[in-house]
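Reader: Please give me a close look at one part: the packing of strands and helices. Start with the strand pairing. Then move out to the contacts between chains.

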Protein chains: 4
Amino acid sequence: MPNSFGKLFSVTTWGESHGPAVGAVVDGCPPRLPLDAAEIQAELDRRRPGQSDIVTPRKEEDKVEILSGLFEGRTTGAPISLLVRNTDQRPGAYDEMREKFRPSHADFAYQAKYGFRDHRGGGRSSARETIGRVAAGAIAKKILALGGAAQNGSAVEVRAFVTQVHTIAVPEGALEKLPKLAEVEANAVRCPHAATAEKMIERIKKVRADGDSVGGVIECRLHGVPPGLGEPVFDRLEADLAKAMLSLPATKGFEIGSGFAGTRLRGSEHNDLLVPRGGQVRTTTNRSGGTLGGISNGEEIVFRVAFKPTATILQPQKTVDVHGKATELIGRGRHDPCVLPRAVPIVEAMAALVLVDHWLRHAAQNRVFKF
Amino acid sequence: MPNSFGKLFSVTTWGESHGPAVGAVVDGCPPRLPLDAAEIQAELDRRRPGQSDIVTPRKEEDKVEILSGLFEGRTTGAPISLLVRNTDQRPGAYDEMREKFRPSHADFAYQAKYGFRDHRGGGRSSARETIGRVAAGAIAKKILALGGAAQNGSAVEVRAFVTQVHTIAVPEGALEKLPKLAEVEANAVRCPHAATAEKMIERIKKVRADGDSVGGVIECRLHGVPPGLGEPVFDRLEADLAKAMLSLPATKGFEIGSGFAGTRLRGSEHNDLLVPRGGQVRTTTNRSGGTLGGISNGEEIVFRVAFKPTATILQPQKTVDVHGKATELIGRGRHDPCVLPRAVPIVEAMAALVLVDHWLRHAAQNRVFKF
Amino acid sequence: MPNSFGKLFSVTTWGESHGPAVGAVVDGCPPRLPLDAAEIQAELDRRRPGQSDIVTPRKEEDKVEILSGLFEGRTTGAPISLLVRNTDQRPGAYDEMREKFRPSHADFAYQAKYGFRDHRGGGRSSARETIGRVAAGAIAKKILALGGAAQNGSAVEVRAFVTQVHTIAVPEGALEKLPKLAEVEANAVRCPHAATAEKMIERIKKVRADGDSVGGVIECRLHGVPPGLGEPVFDRLEADLAKAMLSLPATKGFEIGSGFAGTRLRGSEHNDLLVPRGGQVRTTTNRSGGTLGGISNGEEIVFRVAFKPTATILQPQKTVDVHGKATELIGRGRHDPCVLPRAVPIVEAMAALVLVDHWLRHAAQNRVFKF
Amino acid sequence: MPNSFGKLFSVTTWGESHGPAVGAVVDGCPPRLPLDAAEIQAELDRRRPGQSDIVTPRKEEDKVEILSGLFEGRTTGAPISLLVRNTDQRPGAYDEMREKFRPSHADFAYQAKYGFRDHRGGGRSSARETIGRVAAGAIAKKILALGGAAQNGSAVEVRAFVTQVHTIAVPEGALEKLPKLAEVEANAVRCPHAATAEKMIERIKKVRADGDSVGGVIECRLHGVPPGLGEPVFDRLEADLAKAMLSLPATKGFEIGSGFAGTRLRGSEHNDLLVPRGGQVRTTTNRSGGTLGGISNGEEIVFRVAFKPTATILQPQKTVDVHGKATELIGRGRHDPCVLPRAVPIVEAMAALVLVDHWLRHAAQNRVFKF
């Protein structure tokens with residue numbers, strides 16, 4: 001089931017960019033969770049097109065409808081079906097793509113795989129597919145907020161934000177404390193470092209004016225995660241986070257804790273020493289990024305995701321058509337010059353899905369039978 | 001099944017560092033594949049301790065026994081059980097770890113998760129677990145070599161090598177052509193750039209003399225992969241590669257193609273333009289790293305994996321004991337000052353497992369029924 | 001994912017009896033299959049309420065909408081989302097069930113499991129859930145018809161029919177030849193033996209007049225299945241068929257080939273002798289029912305499913321309320337006095353889903369790489 | 001992974017009848033369970049050949065070795081690898097089967113599927129494969145005994161026994177109370193009704209003398225199962241039990257509760273009325289067999305499994321050889337004239353595996369997060 005993610009708490013997404021609708025089915029949601037369409041809508045609004053002047057102007061309300069799994073405001077344990085109708089389809093805008101493969105898009109790969117493709121806006125490979133992820137992730141976040149609190153003394157927070165756009169990055173060490181949601185949402189680019197955010201926005205506007213695009217880096221932190229989540233040896237927590245992130249459109253890299261930079265340290269510099277603190281075993285540093293051996297160790301989980309520059313640019317590019325002939329193509333359609341601002345809630349959604357799934361798996365294996 | 005990997009071609013590993021044995025069960029191997037224990041042994045010998053003067057001196061022959069799934073030198077389609085007895089166990093050497101958590105090892109995380117742990121040499125979290133992966137990967141490589149050739153006109157090659165150790169890296173652009181296996185195996189550090197390899201070996205010896213350790217980066221290339229492998233949307237080829245790599249001990253990052261560096265380019269610089277070449281649709285550059293939309297596009301698949309410095313160092317470190325008391329620990333046991341030379345065949349094994357699994361999945365979905 | 005079925009060709013169903021809609025997502029459908037909503041509708045019409053005077057009069061058109069996975073009349077390989085709105089909801093009719101558990105219904109079991117339930121018409125445990133299965137099964141049938149023919153020389157036929165209602169059964173040996181679809185559809189009870197069908201209909205009308213209900217047996221035959229489908233050792237073809245059938249509401253038993261009756265024969269009477277016929281290895285009898293060792297052997301696959309009498313009866317019954325107090329309940333709502341006529345397309349759908357899934361799995365493992 | 005069973009508590013079996021060994025890997029075993037090889041051995045001894053004068057005389061000790069997952073007498077949460085060496089191999093005895101397909105055995109089906117087969121004693125299709133199941137089931141039983149007691153107030157008992165051999169059956173109603181293990185083990189045929197057991201043994205000896213074989217029925221009861229286990233809609237408890245049973249060699253049918261006989265009752269006769277008893281919701285009868293809507297309802301789970309007569313008989317039979325020529329074959333090798341006595345612990349093992357898996361799944365979904 002390549003369109004499903006998660007073992008115990010799972011999401012299946014479906015839908016194409018210019019088909020009638022997109023959606024998701026969430027299976028394995030615990031019963032009795034209070035849930036409201038408005039809570040899901042709030043997250044969808046964070047990824048919606050047209051939300052600011054630095055994202056695509058495609059006009060979609062992305063209004064979610066809950067079709068099952070709820071009764072009198074609470075989940076029943078049955079699958080939750082989520083539906084968002086596509087409204088602003090302009091399939092005609094894509095007529096040229098029927099014949100020509102867009103460079104660095106999935107067009108040719110889909111053609112090679114399936115021998116047939118829905119060319120309209122990338123069809124299934126469109127980032128509209130992530131609507132289902134964000135909707136499912138909103139439910140996961142709610143579970144973490146309520147359920148984490150009940151089990152854990154404090155809610156688990158899932159916080160992503162932009163730390164780099166093109167060559168502009170938040171200064172090292174400037175975001176040691178977990179940024180608040182309000183700080184992230186304070187600007188259109190979702191970078192909680194205000195001065196940097198301003199420069200990022202300026203840069204995005206500049207490249208858009210050039211008919212060009214940029215990428216960048218999103219950092220995500222999972223705060224309040226108890227120790228013990230993650231299943232050795234293949235379903236390590238960081239392995240499932242890596243898979244979740246690399247399953248997103250436009251991602252090219254994942255690192256946890258010290259990541260690639262940590263490879264330049266010696267062990268004596270890199271190791272996180274253990275100390276007793278508040279009756280718990282804690283570390284003095286967090287180069288591990290919150291997991292060891294694939295299992296959470298009670299520290300903040302910190303990872304970063306690399307996003308490439310948007311493949312669609314409004315400049316002529318060399319390409320090949322479906323008959324194998326060389327040709328040229330100029331990007332059309334309504335696209336984001338930089339996907340990162342809208343990718344923030346998507347990264348959070350995937351992280352929340354991984355976390356809830358692992359929480360359930362951990363508890364099943366280690367807490368049900370007491371020996 | 002957290003100790004299993006793969007949907008159609010799967011491996012399940014089992015075993016602890018100082019238990020009686022380690023092993024693996026491979027399920028889903030196609031029938032009639034010619035297979036010999038010596039072929040598996042050859043790969044195990046590449047990850048064996050004691051193979052050179054820059055790796056751990058633990059004395060293990062790592063002799064593999066095939067217990068099932070073979071008949072008269074060919075696979076039958078039944079599961080293949082692979083067994084390697086542990087011989088050089090020195091559990092007494094780990095008595096101190098029964099009481100004390102080793103910094104940046106999985107000891108505390110396992111204790112937090114299971115409330116109980118086999119402390120001897122890390123138990124299940126030991127890198128000896130990867131023996132099963134390498135053995136299974138040897139079968140996957142054979143399938144790719146024979147089967148890839150039959151389907152594809154040329155064998156699929158899976159080639160990993162060390163590109164960075166601590167601060168020493170292969171000069172940019174120095175390894176454009178796929179290195180030959182012999183070039184990789186030409187030195188103890190498995191870096192096909194001879195001059196750099198020499199410096200890396202020197203550095204590893206230096207840090208070992210200091211009782212310290214170093215990490216680095218392994219690059220892996222999959223050559224000859226046909227277009228079409230990879231399953232949108234969650235089981236993207238790069239997503240499963242990322243999961244495979246982050247499931248390895250000591251890994252902190254994964255990037256494909258342009259990776260993190262690519263985030264500093266504009267779309268107009270980053271896009272891979274398409275051209276017809278040899279009757280095929282090819283790209284002029286390969287910043288995508290061989291996949292688009294999660295599907296192979298026929299170009300070389302190129303990814304890199306970050307390994308942290310070995311956590312065990314022969315220096316006193318602050319830590320906590322199982323009673324929550326602050327204490328100190330000096331590393332013992334026989335360890336690698338740098339895991340990368342022995343990790344090369346492990347990275348190849350995981351990449352081969354991902355590739356065979358996706359090849360089978362792709363063919364099942366797209367080639368069985370012809371419409 | 002308890003609401004999903006199938007490994008490579010899978011269906012996920014969702015929806016409650018009196019919620020806004022029911023539906024399914026089909027993942028793993030091969031690309032380029034010609035598909036039309038009308039083909040799915042035709043199967044749904046066979047299970048629709050109100051189709052004859054011996055089934056429930058609930059007025060539902062069960063109009064299916066295809067929301068994704070199709071482009072210009074062909075499947076794309078992307079998930080196919082299928083939606084059927086509920087229209088004739090009368091939730092008020094179920095007010096009494098909010099407080100009282102219906103005997104031999106799932107009410108108490110759901111309450112015990114989830115601590116909460118949608119009591120309206122059984123919620124998720126309603127047989128309306130099978131709409132998604134029938135819709136998905138229609139796609140599987142089309143694949144078998146077209147794809148089976150292409151691979152196999154002749155289409156694979158999936159044919160279920162009623163062989164017993166209450167104490168009325170088709171005479172032994174009367175249906176040796178595979179009944180035609182038209183023969184099955186020739187009467188309201190879907191028994192291709194006309195004389196028996198007449199008696200069955202009479203019996204159903206009689207018990208309905210008594211406010212009572214009856215069960216029976218459905219036989220299903222899979223004709224034209226090539227040898228080789230089925231995966232030893234756990235995913236045997238008959239094991240997955242058994243699971244599929246016991247996952248249906250109201251089923252109490254499954255048998256293949258000689259079944260329970262075969263236990264009264266000696267081996268010398270029971271064994272199917274092998275003979276060469278038409279260049280193939282065939283059997284003289286078919287007590288095995290078309291599989292051996294979990295793998296199809298090229299003979300007709302024949303199995304039977306036992307359905308209990310409908311739990312809802314229009315007579316007062318002793319029961320317990322949600323407060324644990326003894327009470328009494330009289331069945332209400334619009335129910336089938338006998339579920340078998342409408343269960344015929346459901347049994348076919350599940351059988352077709354199993355078959356397509358196993359066909360893909362078999363081909364992946366045994367046909368992709370040639371050694 | 002066709003050789004694996006179970007989602008959270010899983011077993012993977014491997015091995016051929018005349019290969020070096022058979023075994024299993026258990027993944028997902030909760031940590032800290034006290035476990036001893038002798039406990040597993042005790043169950044293996046119940047299925048061992050040569051245990052009485054009505055079973056095969058093949059001389060196998062079936063001595064189990066635990067290779068991983070245990071530390072100081074307790075499970076660690078890591079996979080448990082179980083190994084049994086084959087000792088009494090007589091591959092030469094099977095030379096004729098290399099060329100000839102045995103009637104009603106899997107020989108031809110394996111050849112058709114894989115194009116290649118290990119003909120020695122059926123290879124993978126041999127019932128020796130069930131050794132791994134019984135070993136894994138012994139662990140599951142221990143979990144149910146200890147863990148069930150801790151959660152439930154009383155241990156969960158898994159009890160199978162023979163109720164029919166050929167035409168000899170336990171009189172109806174003679175085994176209303178759960179038979180004790182000692183009563184089952186009191187005779188060689190494992191029928192707790194002593195007078196019937198005597199006749200069964202006599203019949204088995206008679207057919208063996210004739211060079212023939214017989215089948216029969218095993219009943220299994222799961223006593224003390226709490227309400228709530230089982231996952232709608234596809235992973236119903238009875239669906240997974242049915243799959244488990246039909247995955248066993250020689251099985252032809254499964255029924256739960258009233259089964260096929262229940263199809264001859266009216267709803268008013270068949271429904272299990274609910275009553276309050278001991279502070280719990282209970283039923284006055286148990287025609288449902290302990291599950292409703294796929295979920296356990298707190299009553300005893302009762303199911304029956306049909307086994308065909310052993311396919312190997314010591315009489316000449318018509319068959320076909322690998323070249324498609326008609327020929328004749330006389331059974332050789334050492335076989336059971338009736339598999340049922342040795343199948344009793346196998347049925348129990350599979351039932352225990354299903355139950356533990358569903359217990360973990362239920363708890364994960366419904367007990368981890370409290371809303």
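Author: Two strands pair here if DSSP finds at least two bridges between them. Strands are DSSP runs of E with at least two residues, helices are runs of H or I with at least four, and both are numbered from the N terminus. The model is predicted, so local features need pLDDT of at least 70 and side-chain atom pairs pLDDT 80 or more, while totals for chains, interfaces and linings use all residues. Residues are numbered from 1 along each chain as its sequence is written, and chains are lettered from A and ligands numbered from 1 in the order in which they are written.

Start with the sheet in chain A. It is open, has five strands, and runs β1-β2-β3-β7-β4 with antiparallel pairing. β1 (4-5) and β4 (64-66) of chain A are the edge strands, each paired on one side only. Inside the sheet, β3 (residues 21-27) and β7 (residues 80-85) of chain A are antiparallel and share six bridges. One bridge pairs A:V22 with A:V84 of β7(A).

A helix covers part of this sheet. α1 (residues 37-47) of chain A lies across β4 and β7 of chain A, at about 150° to β4(A). Contact means that C-beta atoms, placed from the backbone, lie within 7 Å. Axes are lines fitted to C-alpha atoms, for helices over the stretch in contact, and angles run from 0 to 180 degrees between N-to-C directions.

Now chain C. Its open sheet of five strands has the order β1-β2-β3-β7-β4, again antiparallel. The edges are β1 (4-5) and β4 (64-66) of chain C, each pairing on one side only. β4(C) is joined to β7 (residues 80-85) of chain C by three bridges, antiparallel. There, C:E65 faces C:L83 of β7(C). Helix α1 (residues 37-47) of chain C crosses β4 and β7 of chain C, at about 150° to β4(C).

Next, chains A and B. Here 90 residues of chain A contact 90 residues of chain B. The chain A side has 38 nonpolar, 34 polar and 18 charged residues. Nonpolar means Ala, Val, Leu, Ile, Met, Phe, Trp, Tyr, Cys and Pro; charged means Asp, Glu, Lys and Arg; the others, Gly among them, are polar. Strands pair across this boundary too. β11 (residues 251-256) of chain A and β11 (residues 251-256) of chain B run antiparallel, joined by three bridges. A:G253 sits opposite B:E255 of β11(B).

How are these two copies related? Chain A fits chain B with an RMSD of 0.0 Å after a turn of 180° and a shift of 0.0 Å along the axis. The two copies are thus related as by a two-fold rotation axis. The same surface serves both: 100% of the contact residues of chain A recur in chain B. Superposition is by least squares on C-alpha atoms of residues with pLDDT of at least 70 in both copies.

Last, chains A and D. The axes of α9 (residues 340-367) of chain A and α9 (residues 340-367) of chain D come within 8 Å and cross at roughly 130°. α9(A) and α9(D) are therefore oblique to each other. Under 35 degrees counts as roughly parallel, over 145 as roughly antiparallel, 65 to 115 as roughly perpendicular, and the rest as oblique. Residues in the contact include A:L360 and A:R361 of α9(A), and D:L360 and D:R361 of α9(D). The contact residues divide into six nonpolar, two polar and two charged.

Notes
Two residues are in contact if their C-beta atoms, placed from the backbone, lie within 7 Å.
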